[in-house]
Amino acid sequence: MRCLKETLVTERLVLRPLRLNDVESYHRVIDEDPKNAGAISLAQRRDLVHSYVQNDMLNGALGWWAIVLRSSNCFI
């Protein structure tokens with residue numbers, strides 16, 4: 001069964017399926033935490049995010065979402 005993911009919008013946030021072009025933003029947010037900083041390279045993170053997004057698209061998984069501030073379009 002394929003699950004359709006829709007974008008959810010609140011007064012302050014947009015929650016949407018993670019996209020391949022979110023990789024750099026995802027990498028930046030994850031590596032802001034000192035315990036994660038430098039854990040893997042951007043190239044490795046790109047491969048991981050690509051596999052997450054591809055798996056979600058093929059299997060209808062609900063797991064990986066982007067959270068974006070509506071006011072600034074900033075990925076958080």
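**Exercise 1. Strand pairing**

Task: In this predicted model, how many bridges join strand S1 to strand S2, and do the two strands run parallel or antiparallel?

Solution.
- Step 1. Strand S1 covers residues 8-9 and strand S2 covers residues 13-17. Two bridges join them, and the strands run antiparallel.
- Step 2. For the register, take Leu 8: Leu 15 in S2 stands opposite this residue.
- Step 3. The connection from S1 to S2 is a hairpin of three residues.

**Exercise 2. The whole sheet**

Task: In what order do the three strands lie in the sheet, and which of them are edge strands?

Solution.
- Step 1. The pairing of S1 with S2 is antiparallel, with two bridges.
- Step 2. S2 also pairs with strand S3, residues 65-69, through five bridges, again in the antiparallel sense. Within this pairing, Leu 13 faces Leu 69 of S3.
- Step 3. The result is an open sheet of three strands with the order S1-S2-S3 and antiparallel pairing.
- Step 4. S1 and S3 each pair on one side only, and they are the edge strands.

**Exercise 3. Chain layout**

Task: What pattern of helices and strands does the chain follow along the sequence?

Solution.
- Step 1. Count the elements: the chain has two helices and three strands.
- Step 2. Read along the sequence, they give β-β-α-α-β.
- Step 3. Consider the contacts between residues at least 6 apart in sequence: 61% of these join residues at least 24 apart.
- Step 4. Of the 76 residues in the chain, 22% are buried.

**Exercise 4. Helix packing**

Task: At what angle do helices H1 and H2 pack, and how far apart are their axes? Which residues meet at the contact?

Solution.
- Step 1. Helix H1 spans residues 23-31 and helix H2 spans residues 42-59. They pack at about 115°, and their axes are 9 Å apart.
- Step 2. The crossing of H1 past H2 is right-handed.
- Step 3. On the H1 side, the contact is made by Val 23, Glu 24, Tyr 26, His 27, Ile 30 and Asp 31. On the H2 side, Leu 42, Arg 45, Arg 46, Val 49 and Tyr 52 take part.
- Step 4. Sorted by character, the residues of this contact are six nonpolar, one polar and four charged.

**Exercise 5. Two residues of H2**

Task: Is Arg 46 buried, partly exposed or exposed, and which residues does Arg 46 contact beyond its neighbours within four places in sequence? How far is Gln 44 from His 27, C-alpha to C-alpha?

Solution.
- Step 1. Arg 46 belongs to helix H2.
- Step 2. The relative accessible area of Arg 46 is 34%; this falls between the limits of 20% and 50%, so the residue is partly exposed.
- Step 3. With neighbours within four places in sequence set aside, Arg 46 is in contact with Val 23 and Glu 24.
- Step 4. Arg 46 and Glu 24 are 22 residues apart along the chain, and their C-alpha atoms are 7.8 Å apart.
- Step 5. Gln 44 also lies in helix H2. This residue is partly exposed as well, with a relative accessible area of 43%.
- Step 6. The C-alpha atoms of Gln 44 and His 27 are 9.9 Å apart, with a sequence separation of 17 residues.

**Exercise 6. The salt bridge**

Task: Which residue forms a salt bridge with Asp 22, and is Asp 22 buried or exposed?

Solution.
- Step 1. The count for the model is one salt bridge; the distance limit is 4 Å.
- Step 2. The partner of Asp 22 is Arg 16, and their closest N and O atoms are 2.8 Å apart.
- Step 3. Asp 22 has a relative accessibility of 5% and is therefore buried, the limit being under 20%.
- Step 4. Arg 16 is buried too, at 10%.
- Step 5. Arg 16 sits in strand S2. Not counting residues up to four places away in sequence, Arg 16 touches Thr 7, Asp 22, Trp 65, Ala 66 and Val 68.

**Exercise 7. A backbone angle**

Task: What is the sign of phi at Asn 73, and where in the chain is Asn 73 placed?

Solution.
- Step 1. Most residues other than glycine have a negative phi.
- Step 2. Asn 73 is not a glycine, yet its phi is positive, about 60°.
- Step 3. Asn 73 is placed in the segment after S3.
- Step 4. Its relative accessible area is 64%, so Asn 73 is exposed.

Terms used. Residues numbered from 1 in each chain as written. Predicted model: local features only at pLDDT ≥ 70, side-chain atom pairs only at ≥ 80, totals over all residues. Heavy atoms only, no water. Axes fitted to C-alpha atoms, helices over the stretch in contact; angles between N-to-C directions. Helix = DSSP H or I, 4+ residues; strand = E, 2+ residues; numbered from the N terminus. Left-handed = near helix turned anticlockwise from the far one by under 90°. Contact = heavy atoms within 4.5 Å. Nonpolar A, V, L, I, M, F, W, Y, C, P; charged D, E, K, R; others polar. Pairing = 2+ DSSP bridges. Buried < 20%, exposed > 50% of the residue type's maximum accessible area, 1.4 Å probe, protein only. Salt bridge = Lys/Arg side-chain N within 4 Å of Asp/Glu carboxyl O.
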